[in-house]
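Me: I have a model open and would like to talk through the reasoning behind some of its labels. Could you take my questions one at a time?

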Amino acid sequence: MRVLGIESSCDETGLAIYDANRGLLAHALHSQIALHAEYGGVVPELASRDHIRHILPLTRQVLAAAGCTLTDLDAIAHTEGPGLAGALLVGTGFAHALASALDIPIIGIHHLEGHLLSPLLSATPPAFPFIALLVSGGHTQIMRVDDIGQYTLLGDTLDDAAGEAFDKTAQLLGLGYPGGAALSALAERGDAARFRLPRPLLNSGDLNFSFSGLKTAVRRLVQQHTDHPPHADIAAAFQAAMVDILSIKTLTALKQSRCNRLVVAGGVGANRQLRERLLRDTGKSNATVHFPELEFCTDNGAMIALAGSLRLMRQRGQPAGAFSIRPRWELALVGKPEPTGTMEMTP
Ligand code: KG4
Ligand code: ZN
């Protein structure tokens, strides 16, 4: 079975073809970072229009790279939610039109399920169960993954996502958007001990996160040093706080769930300090940490094609036609009827 996967929930158009027997045949991605950079964040309307521009050329590209034609496809998987409504509509509408023309089944995938299963794309996939730390521009969650479809949310952010906190802090320090990587590079030159920033919710007794207070503390520091703001030292202090919070909570999740496998996904997983710390901490507690290839950590079509393929081995796809998108969709509600936030579309 060959599945075409389509991801368009935010600012990346991702297409991929996954073969149930041979694995990932091809994937292609267009990132909109440059498009949104001058606005300091994702502009939803521009995102939708850009998905429209790229979805067809990327489909042709993955078909050519996989040595397939449209008639070789057996099913289509697309991100149904959560995400930006207009952006989801582009991928979902395209998926239904194509599936209808080819008369093949279609399956809507939860974006976070794609992320959670993405480690299975790597050459050395982790076995179930594992704990997943999802740290991207849009999510910060700790999940327990027992099997396909068996996900337990252990911790979530109460405000900003980790990547969002990096990006907003980077903006305060005059770095571009998205500024996580630039902030991290600047922090390498700074003295992390010069300023002590708060670690919100570190001792909250649960696995939830809150980063907005940290960002406010950085703003105050910047305002206190208007003449020669010690940007590198502030960046280092911020990064140290983020790494502390993320790694301590994650290690607690591993201990509490008596699980000794950790997967780190999402763009913030590229952070060198976070990786080193998690490697060290898991090593001390006889756990292993798995960092999937970065191209599968950030948004991509391959994780949607894979999740679609795995789901279609267990359940039937739907006929193309009337469709829904779910801009707000809790992972726990996957498979349940009438989830909140559903937008029905009838052709
Ligand atoms: O997974 P991803 O592509 O997120 C979304 O699509 O939402 O990750 C993007 C996020 C951005 O917020 C970016 O600043 C952050 O990951 N990021 C980093 C690093 N590289 C990317 N944050 C900290 N350190 C890095 N090296
Ligand atoms: Zn994502």
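Me: What makes the pair formed by D299 and ligand 1 a polar contact?

Reply: Happy to help, and bear in mind that this is a predicted model. A polar side-chain atom of D299 lies 3.3 Å from an oxygen atom of ligand 1. The cut-off for such N or O pairs is 3.5 Å, so this one qualifies.

Me: How much of ligand 1 does the protein cover?

Reply: On its own ligand 1 has 550 Å² of accessible area, and the protein covers 85% of that. Two elements, α5 (162-172) and α6 (180-187), each give two or more residues to the shell.

Me: How do you know that the backbone of G180 and G267 takes part too?

Reply: By the distances again. A polar backbone atom of G180 is 3.0 Å from an oxygen atom of ligand 1, and for a backbone N or O atom of G267 the value is 2.9 Å. Both fall within 3.5 Å, so both count as polar contacts.

Me: Why is ligand 1 said to lie between domain 1 and domain 2?

Reply: Because domain 1 (2-116 + 298-345) and domain 2 (129-291) both give residues to the shell around ligand 1.

Me: What makes up that shell, by residue class?

Reply: There are five nonpolar, 10 polar and three charged residues. Gly counts as polar here, and G137, G180 and G267 are among the closest of the 18 residues around ligand 1.

Key: Residues numbered from 1 in each chain as written. Chains lettered and ligands numbered in written order. Predicted model: local features only at pLDDT ≥ 70, side-chain atom pairs only at ≥ 80, totals over all residues. Heavy atoms only, no water. Near = heavy atom within 4 Å. Polar contact = N/O pair within 3.5 Å; in protein donor to acceptor, adjacent residues only side chain to side chain. Areas by Shrake-Rupley, 256 points an atom, 1.4 Å probe, with all protein chains shown as cover. Helix = DSSP H or I, 4+ residues; strand = E, 2+ residues; numbered from the N terminus. Domains from an automatic or database assignment.
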